[in-house]
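Colleague: Got a minute to walk me through this model? I'd like to know what I'm looking at before I ask about details.

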Amino acid sequence: MQFYDDIADVAEGFGPSAVTIGKFDGVHVGHRAVIAHLERAAHEQGLVATVVTFDRHPLNVIDPQHVPPALTSTAQRRELLDDAGVDATLLLRFDEQLQSKSPEAFVSEILVDTLHARLVFVGSDFRFGAKGAGDVTLLRALGEQHGFTVELIDDVDLVDDVRPDGERRVSSTWIRELLGDGRVAEAARLLGREHAVRSTVVHGNQRGRAMGYPTANLDPAFEGFAPADGVYAARVLHDGTVYPAAVSVGNNPTFEGVPAKQIEAHLLDVDLDLYGDRISVLFVSYVRGMVKFDSMDELATQMRQDDLDIRLLLGLPTPV
């Protein structure tokens, strides 16, 4: 995938292109259905399938008090778009300058002069330009002026992918709600993959190792949206290898001084030195909520049960 984070870096000869525009947070099954249609249309017309997205949620600039937490970091989103088969991605810096750009300038400078768009694929509620002044009607008028056509997502048969339950449309908001409730398996259905967070492994307090359950503690500055506090069946991706794992999210109320969203992963049946390495935690299934135990013995008993439950959920044999 060609990737540009500045329009000045896009070659003059780029395109012609088929373009879709959006935040693409999570790159969920709805996004992937849109991208797949874009790719088919681009292939039929000999165009470059191109995604235009933003380095942050527009509300960071427009209404900072109401910015939803991102499902994925910018780096994760780039990787997911690449995985979806996009030919090119243009990541725009959403700042005051972009926010204040008129609809006409947005189209002429970005879609026409930079990407040489011939097809633009958007939703019927698409807005663009300063104060959201541009709509589909204006976009179509500008398309006639500049030589590109506008196709609506709503007019394409993507129902099974965009509305998998037949009613509610897949959205980052819906996925965020599910993850906030710990319903990671349901979120995975809408994402088309297991939800992941990624960070560097840092030193912890060694309590887990002392109890026979060494854990990889993630730096709190992790990428991705942390699901609800609790214990999960999960997988850990490290250096191209996936390991089954038991993962806890939260402040572990049995102990004091644990960060509010500490993520710890215990790799099953393997003990690796991961300090300083980056790992991804892929959430498979919710096991239980966080509990404050009155003694270390009670905690150890529960951890043994968690181990058994997680092995069952991951389809692993029970140790003899």
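Modeller: Sure, naming first: helices (H or I, at least four residues) and strands (E, at least two) are DSSP runs, numbered from the N terminus. This is a predicted model, where local features need pLDDT of at least 70, side-chain atom pairs count only at pLDDT 80 or more, and totals for chains, interfaces and linings use all residues. Residues are numbered from 1 along each chain as its sequence is written, and side-chain values use heavy atoms, with hydrogens and water left out.

Colleague: Okay, so where does Asp 306 sit?

Modeller: Asp 306 is in helix α11, residues 296–314.

Colleague: Is Asp 306 buried or exposed?

Modeller: Buried, with a relative accessible area of 5%. Buried means under 20% relative accessible area, exposed over 50%, and partly exposed in between (1.4 Å probe, protein chains only).

Colleague: And what does Asp 306 touch?

Modeller: Leaving out residues up to four places away in sequence, Asp 306 touches Val 231, Val 287 and Arg 288. Contact here means heavy atoms within 4.5 Å.

Colleague: Let's zoom out. How many helices and strands does the chain have?

Modeller: There are 11 helices and 12 strands. The C-alpha atoms fill a box of roughly 75 × 35 × 35 Å along the principal axes, and 49% of the 320 residues are buried. Of the contacts between residues at least 6 apart in sequence, 73% join residues at least 24 apart.

Colleague: Which residues have the most contacts inside the largest nonpolar core?

Modeller: Those are Ile 175, Val 247, Ile 263, Ile 279, Val 281 and Phe 283, in a core of 33 residues. α8, α9, β7 (195–202), β8 (216–218), β9 (230–238), β10 (241–249), β11 (263–267) and β12 (278–288) each supply at least two residues of this core. A nonpolar core is a set of buried Ala, Val, Leu, Ile, Met, Phe, Trp, Tyr and Cys residues joined through side-chain atoms within 4.5 Å. Apart from that core lies another, of 31 residues, among them Leu 98, Phe 126, Val 136 and Leu 152.

Colleague: Take Val 247: what does it touch?

Modeller: Not counting residues up to four places away in sequence, the partners of Val 247 include Tyr 232, Ile 263, Val 281 and Phe 283.

Colleague: Now α8 and α9. At what angle do they pack?

Modeller: About 160°, with the axes of α8 (172–180) and α9 (184–191) 8 Å apart. That makes α8 roughly antiparallel to α9; the label applies over 145 degrees. Axes are lines fitted to C-alpha atoms, for helices over the stretch in contact, and angles run from 0 to 180 degrees between N-to-C directions.

Colleague: Which residues make that contact?

Modeller: From α8, Trp 174, Ile 175, Leu 178 and Leu 179; from α9, Val 184, Glu 186, Ala 187, Leu 190 and Leu 191.

Colleague: Switching topic, any odd backbone spots?

Modeller: A few. Most residues other than glycine have a negative phi, and most peptide bonds are trans. Gly 15 and Pro 16 are joined by a cis peptide bond, with omega about 0°, and Pro 16 lies in the loop between β1 (2–4) and β2 (17–21). His 116 has a positive phi near 50°, in the loop between α5 (103–112) and β5 (117–122). Lys 131 also isn't a glycine, yet its phi is positive, about 55°; its place is the loop between β5 and α6 (136–146).

Colleague: How accessible are His 116 and Lys 131?

Modeller: His 116 counts as partly exposed at 23% relative accessibility, while Lys 131 counts as exposed at 85%.

Terms used:
Angles under 35 degrees count as roughly parallel, over 145 as roughly antiparallel, 65 to 115 as roughly perpendicular and the rest as oblique.
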